[in-house]
Amino acid sequence: MGLFDLTGKKAIVTGASSGLGVQFALALARQGADVAVVARRVEKLQDVQKQIESLGVKSIALKCDVSKSSDIASVVAEVKKQFGRIDILVNNAGIALAGPAEAQDDELWTTMMNVNINGVYYFAREAGKVMLEQKYGKIINIGSIHSTVAMKGLPLTAYCTTKGGVEMLTKALANEWAKKGITVNAIGPAYFPSEMTGGLLANEGMRQLIETSCPMGRPGRDGELDGALIYFASDASSYTTGQLLTVDGGWTTI
């Protein structure tokens, strides 16, 4: 087996009905992992499931609202039942609601926290129980460049707060489980094309901001997160835990 080979591993990818979640699920499948894809829009998951199975591995599609711990517990139990174990969790599900801090209502703030922080914790907790029994597991949380920086001109206080929380949650869980066979790491993407960012990246002002603020002068491209994902998901990262790997074209260097 190669250093990055995932043959026989069993994975869960949340938020896998579109965008980066689909890319993550397919990247794991290409390395040989069986993948459970999870999201609210189960009808879209079925197409993703077919794409995964076309690569010669197994896949299951499960509906889940990550803001509900009961949904998550049911999904984890079903994946364990069908796959027998859970080796990899990619906590990708998230939302980005923007607006001036002074104008945000309680509902927006609460919704962001429930999905972007609570959902990540609940899934890590439930999958972690299985991994602790196995004495093996790889948890990859999806943070953001906004885990560490805000952005001039963009009113993203709630989003930045949740993604900063993802980084500290990653560190804390990594610390707790370091001697128990589980690594917990995070990826911090800059702006990549996806269903969530499509409108933003089409905005001329945003394009200009990327050109001037990102040293590479462009958004990310499909596949440019795969290397970070496979590193954290494989045994290549056996001595790496609690880390946020920012994949941002150099954005956070300035």
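Me: Hello! Which residues line the second largest pocket?
Reply: Happy to walk through it, bearing in mind that this is a predicted model. One stretch of the lining is Y136, G137 and K138, and another includes A178, G181, I182 and T183. The rest of the lining is D235, S238, Y239, T240 and T241.

Me: Which strands each supply at least two residues of that lining?
Reply: The lining includes G137 and K138, as well as I182 and T183. Matching such residues to the strand limits, 137-142 and 182-189, gives the elements you want: strand 5 and strand 6.

Me: By class, how many residues of the lining are nonpolar, polar and charged?
Reply: K138 and D235 are both in the lining, and Lys and Asp count as charged. Gly counts as polar, which matters here because G137 and G181 are lining residues. By class, the second largest pocket has four nonpolar, six polar and two charged residues.

Me: And how much space lies in the second largest pocket?
Reply: A good general idea to start from is that rolling a probe the size of a water molecule over the atoms shows where empty space is left. For the second largest pocket, that space comes to about 160 Å³.

Me: Where is K135, and is it buried or exposed?
Reply: K135 lies in the loop between helix 4 (106-134) and strand 5. Its phi is near 65 degrees, a positive value in a residue other than glycine. Exposed means over 50% relative accessible area. The value for K135 is 65%, so K135 is exposed.

Me: What about G188: buried or exposed?
Reply: G188 is found in strand 6. Leaving aside neighbours within four places in sequence, G188 is in contact with G143, S144, I145, L244, L245, T246 and V247. With the buried limit set at under 20%, a relative accessible area of 0% makes G188 buried.

Me: What separation do the C-alpha atoms of G188 and K129 have?
Reply: Along the chain, G188 and K129 are 59 residues apart. In space, their C-alpha atoms are separated by 25 Å.

Me: Stepping back, why is the protein chain said to be as compact as a globular protein of that length?
Reply: The protein chain has eight helices and seven strands. The globule rule gives 18 Å for 254 residues, and the chain is close to that, so it is as compact as a globular protein of that length. The radius of gyration behind this is 17 Å.

Me: What share of the residues is buried?
Reply: The protein chain exposes about 11,600 Å², with carbon and sulfur atoms supplying 52% of that area. Of the 254 residues, the buried ones make up 52%.

Technical notes. Residues numbered from 1 in each chain as written. Predicted model: local features only at pLDDT ≥ 70, side-chain atom pairs only at ≥ 80, totals over all residues. Heavy atoms only, no water. 1 Å grid on protein atoms, 1.4 Å probe; cavity = no way out; pocket = protein on both sides within 12 Å on 5 of 7 lines; lining within 4 Å. Points joined across faces, edges and corners; volume = space filled by probe spheres on them. Helix = DSSP H or I, 4+ residues; strand = E, 2+ residues; numbered from the N terminus. Rg over C-alpha atoms; globule rule 2.2 N^0.38 Å. Buried < 20%, exposed > 50% of the residue type's maximum accessible area, 1.4 Å probe, protein only. Areas by Shrake-Rupley, 256 points an atom, 1.4 Å probe, with all protein chains shown as cover. Contact = heavy atoms within 4.5 Å.
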